[in-house]
Amino acid sequence: MIQVLEITTRIGCVNVCSYCPQDRLIAVYPNRDADRCMSFDIFKQCIDKVPASVNIHFSGMCEPWLNPECTRMLLYAHEKGHKMRVFTTMVGLRVEDIFRFELIPFLSFSVHLPSVGSRMNIKITEDYFNLIKRIASSAIVNLTFLAPGGDVLPALKSIIENQKKSIVPFSLTTRAGNLSLNEGAIPQRKRKALGCRRNLRQNVLLPNGDVLLCCMDYGMRHVLGNLLTGDYADLFSGKEFLKVKRGLRCDSADILCKYCDGFAYEMGLSEKIRSFFN
């Protein structure tokens, strides 16, 4: 079973992507200004408690490089033996950062591209084009470019395809009802016994050490614990995690998973039986 910890390096993202409910997270995050941008010391304290077998994703709920310590954090996680994935819009990323990390054997390094429909607030400048050219020609392994909704600016498409890199479209979700897309519809509440494609083990670390259930939880409904005050294993034996785990099998349970349009699914009979013994 793969376990993942996503890193949210700061609270509040300047990109304000239309498919990311930033306002929900900002509204509920504890009002402690010092904790809005994760310090390297807090990152180190938390990561030192995470087993090396846990994959680290620099993605979370904000553009990772809006925190100036992001590259240092990434290098430290690599030094500790973690396998890593990166999801970035490159806002805040510098050319010199690429030189520092491009030889790390990433499981994947995904760049979110600005779309024709302006789904994200990224300034398309000469510096941005130069950064795209540099990363597209880099030695980074498993590098892909993601196009939200499938739209890509023609000039960017040309640069990327000239470097023989792939552009992968991805569909948008409502983040378990935390966001209304263009159609305005939210997911219908699921009532049958559910499974999680991530087995509830792709959790999100916030700048203050809190760990959320997953990347759908922008409203902070399920805080599993805090890595500054507890251990990694404690996250999966605490009251909140057990509440969610039981809730997957209960029709009336009030848990976020009931609205998940990304990773929750209805279990078959054999899986239901197995779940009662786990």
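Begin by selecting Arg-201 and Phe-236 in this predicted model: Arg-201 lies over the face of Phe-236, at 4.4 Å from the ring centre.

**Strand 8 and its neighbours**

Next, select strand 8, which covers residues 202–205. Gln-202 and Val-204 point one way, Asn-203 and Leu-205 point the other way, and all are buried. In a regular strand the side chains alternate between the two faces of the sheet.

Keep Val-204 highlighted and add strand 1 (residues 4–7), which runs parallel to strand 8 and is joined to it by four bridges. The residue of strand 1 that stands opposite Val-204 is Glu-6. Then add strand 9 (residues 210–212), which is antiparallel to strand 8, with two bridges between them. Here the bridge partner of Val-204 is Leu-212. Strands 8 and 9 form a hairpin with four residues between them. In the turn, select Gly-209, whose phi is positive, at about 95 degrees.

**From strand 1 to strand 3**

Return to Glu-6 and show strand 2, where the bridge partner of Glu-6 is His-57. Strands 1 and 2 run parallel and are joined by four bridges. Strand 2 spans residues 55–58 and is covered on both faces. Asn-55 and His-57 are on one side, Ile-56 and Phe-58 are on the other, and all are buried.

From His-57, move to Arg-85 in strand 3, which stands opposite His-57. Strand 3 (residues 84–88) runs parallel to strand 2, and three bridges join the two. Now display helix 3 (residues 70–79) as well: strand 2, helix 3 and strand 3 make a right-handed β-α-β unit.

**The whole sheet**

Select every strand of the sheet. In what order do the nine strands of the open sheet lie? The order is 6-5-4-3-2-1-8-9-10, and the pairing is mixed. At the edges are strand 6 (167–170) and strand 10 (223–226), each of which pairs on one side only. From one strand to the next, the twist averages 25 degrees.

Within this sheet, select strand 4 (residues 108–112) and strand 5 (residues 143–148), which pair in the parallel sense over four bridges. Ser-110 stands opposite Thr-144 in strand 5. Show helix 5 (residues 126–136) with them: helix 5 lies across strand 4 and strand 5 and runs at about 135 degrees to strand 5.

**Aromatic rings**

Now display the aromatic side chains; a search of the whole structure finds nine aromatic pairs. One of them is Phe-40 with Phe-43, a tilted pair with 6.4 Å centre to centre and 35 degrees between the planes. Both residues lie in helix 2 (residues 40–47), three residues apart, about one turn of the helix. Phe-40 and Phe-43 are both buried.

For another pair, select Phe-101 and Phe-109. Why does this pair count as stacked? The ring centres of Phe-101 and Phe-109 are 5.6 Å apart and their planes are at 25 degrees; planes under 30 degrees apart count as stacked, so this pair is stacked. Phe-101 counts as buried because its relative accessibility is 0%. Phe-109 is also buried, with a relative accessible area of 0%.

Finally, go back to Phe-40 and add Phe-43, Phe-58 and Tyr-76, which together with Phe-40 form one aromatic cluster. Select Arg-72 as the last stop: its charged end sits over the ring of Phe-40, 3.8 Å from the ring centre.

Notes: Residues are numbered from 1 along each chain as its sequence is written. This is a predicted model: local features need pLDDT of at least 70, side-chain atom pairs count only at pLDDT 80 or more; totals for chains, interfaces and linings use all residues. Side-chain values use heavy atoms; hydrogens and water are left out. Buried means under 20% relative accessible area, exposed over 50%, partly exposed in between (1.4 Å probe, protein chains only). Two strands pair if DSSP finds at least two bridges between them. A crossover is right-handed if, with the strands pointing away from the viewer, the path from the first strand over the helix to the second runs clockwise. Axes are lines fitted to C-alpha atoms, for helices over the stretch in contact, and angles run from 0 to 180 degrees between N-to-C directions. Contact means heavy atoms within 4.5 Å. Rings of Phe, Tyr and Trp (its six-membered ring) pair if their centres lie within 6.5 Å; planes under 30 degrees apart count as stacked, over 60 as edge-to-face and the rest as tilted. A charge sits over a ring if NZ of Lys or CZ of Arg is within 6 Å of the ring centre and within 35 degrees of the ring normal.
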